[in-house]
Amino acid sequence: MKLKKLICIGISMVLILTGCGNSASENNTESGDTEKGEIAVEKIDKTKWQYNSENDVYWQVGISYCSNPADEQYETLGIFVPGAYMTATDNGDGTYTCEINKDGNVGDYTAETAPMVIPVDTPGYSAMAAPTDYVSNTADYTNAGFVYVYAGCRGRDAGAPAGVTDLKAAIRYVRYNADTLPGSTERIFSFGMSGGGAQSALLGATGDSELYTPYLEAIGAVSDESDAVAGSMCWCPITNLDYANEAYEWNMGVTRTDLTDEMQQLSDNMAMAFANYINELGLKDSDGKVLTLTESEDGIYQAGSYYEYLKGVVETSLNNFLADTTFPYSVESSGKTGFGGRGGLGSGTDTKDEIADGETLPDLADGEKPEKGDFKDGTGKGGNSKPEDGSTGNGEISDNEEQNYARDDINRNEVSGTVTLTGTYDTVQDYIDALNADTEWVVYDSKTNTAIITSIDDFVKAMKPASKDVGAFDDLNSTQGENILFGYGDGSGAHFDSVMAELLKDNSDYGAAYAEDLVKTDALGNTVDYRLNMYNPMYYLSSYYEGYQTSTVAKYWRDRKSVV
């Protein structure tokens with residue numbers, strides 16, 4: 001599998017290595033509370049349910065979850081409920097009037113305890129079309145006893161924080177209808193991949209954050225309900241974009257060639273800025289050891305406990321593959337290259353460790369990650385439902401994983417490492433030899449069937465060289481998807497990286513553009529640094545940031561990364 005982003009082994013480590021300080025808590029008021037006179041959102045009409053007999057599901061779509069939508073095409077939701085949780089009366093016109101059946105159950109779940117799951121299928125922060133009809137893939141979840149909430153949301157063209165704002169409004173609306181809907185509003189879980197994983201992580205980290213209040217008010221979201229979730233599941237999430245560009249240069253800059261002296265200096269300075277950030281961040285591993293970077297003879301700060309931790313992540317991935325794979329092994333059989341078919345989502349994905357029918361969620365300590373409880377993506381196969389351009393909103397997917405990755409990037413260069421894996425490898429040693437075809441960077445012990453790598457630099461050169469220009473997420477010409485995300489709703493890109501702005505302040509070609517974009521304000525009067533904080537889970541999870549402990553953080557986390 002072609003690895004698409006540094007985030008998968010660098011930035012996203014920040015998310016899982018940092019303690020999730022607060023547990024999820026509910027701030028529910030009695031449904032229908034309009035004390036402030038601000039709620040004009042209609043509740044779910046109990047007489048409008050439809051029924052899918054094949055899967056025994058009652059469902060509704062086209063439900064408005066805010067009173068002043070910015071884009072009615074996206075700001076509606078669909079709800080799909082196991083039939084056992086409803087007592088229905090046939091209206092004679094193809095619709096049903098439904099009441100909650102408190103005695104109904106699916107496995108060990110009841111109408112009162114069933115988890116509610118929310119997909120975040122937004123690769124590259126694209127819009128997620130709201131469903132317009134019954135979505136068959138939701139049956140994987142309703143059959144397991146989950147209530148499936150499929151909320152449309154705006155995409156990057158609308159500018160941050162539109163997507164997460166919409167999803168928060170949908171969550172508030174679900175709680176607003178707690179007396180009408182089966183399912184536990186204390187057990188709401190979000191999940192997504194890459195750009196969707198990013199926004200799922202944000203839902204987990206930003207619960208009830210006051211930074212979102214003016215944006216929620218602008219679209220007429222329910223005002224007196226919590227938008228916190230109990231759990232967040234994230235595959236390859238893009239996380240702290242404030243230092244993502246610098247992390248990319250620290251990790252992959254060594255593979256760059258043919259840069260001008262000026263661009264090489266920029267890349268090197270960005271890598272050093274990332275090292276300084278890591279050393280100030282205060283990350284700790286599971287044993288409480290602080291993770292830092294130190295200067296090294298080769299490369300830029302390619303030593304220290306943080307470096308060794310990430311090196312171990314790569315080695316763990318390789319050894320998991322060796323332990324799980326039966327040889328002869330065909331690369332084509334998984335549809336991927338790299339260390340094998342366990343990494344990302346889509347075709348060939350390992351999704352065997354989902355919550356089994358009736359299995360209850362574990363009672364974990366705050367911030368502890370469950371070993372089970374892995375939900376699939378919003379469509380059931382890894383977030384491949386169609387993006388906003390031509391989207392049908394019907395949950396259809398593609399099994400081509402590479403298409404999913406391609407949707408997450410703009411202006412990605414076609415770059416491959418020195419290693420090409422193709423065909424069938426009869427033995428483990430044959431596979432290791434292929435990895436070492438250009439230079440020996442994998443040291444294999446056949447007696448224990450384990451391997452180590454020589455360095456992260458060697459891994460990157462062999463498997464995942466830089467595929468983006470300097471300014472991987474904040475492009476010098478503001479053309480990346482993230483530039484659009486931090487634009488101003490007109491589809492044009494804007495710069496957002498204050499570190500790059502400082503490094504380029506004397507650059508005659510780019511300095512002024514960065515400086516100008518950083519002081520612009522959006523329709524609500526906020527500069528990009530405000531909105532960047534809203535789209536950075538670390539702002540809420542780490543004491544390095546001012547936003548630490550200002551939100552209701554999800555209790556349950558699962559961060560599945562694909563590192564090879």
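The exercises below work through a predicted model of a protein chain, each with a solution in steps.

## Exercise 1: The chain as a whole

Find how many helices and strands the protein chain has, and what percentage of its residues count as buried.

Solution. Begin with the secondary structure, where the protein chain has 17 helices and 16 strands. Next turn to burial: the chain has 564 residues, and 59% of them count as buried, buried meaning under 20% relative accessible area. Finally look at the contacts with a separation of 6 or more, of which 72% are accounted for by residues 24 or more positions apart.

## Exercise 2: Helix α3 and a residue of a loop

Work out what span helix α3 should have at 1.5 Å a residue, and decide whether Ala 127 is buried or exposed.

Solution. Helix α3 runs over residues 162–176 and has 15 residues. The expected span is 1.5 Å times one less than the number of residues, so α3 should span 21 Å, and this agrees with its end C-alpha atoms, which are 21 Å apart. As a second step, consider the surroundings of this helix: 15 of its 15 residues are buried, and therefore α3 is largely enclosed by the rest of the structure. Just before the helix, in the loop between β9 (147–151) and α3, lies Pro 161, and the peptide bond that leads from Ala 160 to Pro 161 is cis, with omega near 10°.

Now take Ala 127, which belongs to the loop between β8 (116–120) and α2 (139–142). Its relative accessibility is 3%, so Ala 127 counts as buried. Although Ala 127 and Gly 163 are 36 residues apart along the chain, their C-alpha atoms are separated by 7.2 Å.

## Exercise 3: Two pairs of packed helices

Determine which word, oblique or roughly perpendicular, describes α6 against α7, and which describes α8 against α12.

Solution. Two packed helices are described by the angle between their axes and by the distance between those axes. For helix α6 (residues 244–252) and helix α7 (residues 261–281), the axes come within 7 Å and cross at roughly 105°. Since angles of 65 to 115 degrees count as roughly perpendicular, α6 is roughly perpendicular to α7. On the side of α6 the contact is made by Asn 245, Glu 246, Ala 247, Glu 249 and Trp 250, and on the side of α7 by Ser 267, Met 270, Ala 271, Ala 273 and Phe 274. Sorted by class, this contact has six nonpolar, two polar and two charged residues.

For helix α8 (residues 305–324) and helix α12 (residues 456–463), the axes are 10 Å apart and the packing angle is about 45°. That makes α8 oblique to α12. Here Tyr 307, Leu 310, Lys 311 and Val 314 of α8 meet Ile 456, Asp 457 and Phe 459 of α12. The classes in the contact of α8 with α12 are five nonpolar, no polar and two charged residues.

## Exercise 4: The buried side of helix α15

Explain why the buried residues of α15 are placed on the same side of the helix.

Solution. First list the buried residues of helix α15 (residues 511–519), namely Gly 511, Tyr 514 and Asp 517. Around the axis they cover an arc of only 145°, and therefore they lie on the same side of α15. The last step is to ask what covers them, and the answer includes α14 (498–503) and α16 (528–534).

## Exercise 5: Backbone details in loops

Find which peptide bond is cis with omega about 5°, and state what phi values Ser 478 and Gln 549 have.

Solution. The cis peptide bond joins Phe 327 and Pro 328, and Pro 328 lies in the loop between α8 and β12 (329–330). Turning to phi, Ser 478 is not a glycine, yet its phi is positive at about 55°. Ser 478 sits in the loop between α12 and α13 (481–485), and because its relative accessibility is 17%, it counts as buried. Gln 549, likewise a residue other than glycine, has a positive phi near 65°, and its place is in the loop between α17 (538–541) and β16 (556–560).

Key: Residues are numbered from 1 along each chain as its sequence is written. This is a predicted model: local features need pLDDT of at least 70, side-chain atom pairs count only at pLDDT 80 or more; totals for chains, interfaces and linings use all residues. Side-chain values use heavy atoms; hydrogens and water are left out. Helices (H or I, at least four residues) and strands (E, at least two) are DSSP runs, numbered from the N terminus. Buried means under 20% relative accessible area, exposed over 50%, partly exposed in between (1.4 Å probe, protein chains only). Axes are lines fitted to C-alpha atoms, for helices over the stretch in contact, and angles run from 0 to 180 degrees between N-to-C directions. Angles under 35 degrees count as roughly parallel, over 145 as roughly antiparallel, 65 to 115 as roughly perpendicular and the rest as oblique. Contact means heavy atoms within 4.5 Å. Ala, Val, Leu, Ile, Met, Phe, Trp, Tyr, Cys and Pro count as nonpolar, Asp, Glu, Lys and Arg as charged, and the others, Gly among them, as polar. The arc is that of the directions from the helix axis to the C-beta atoms.
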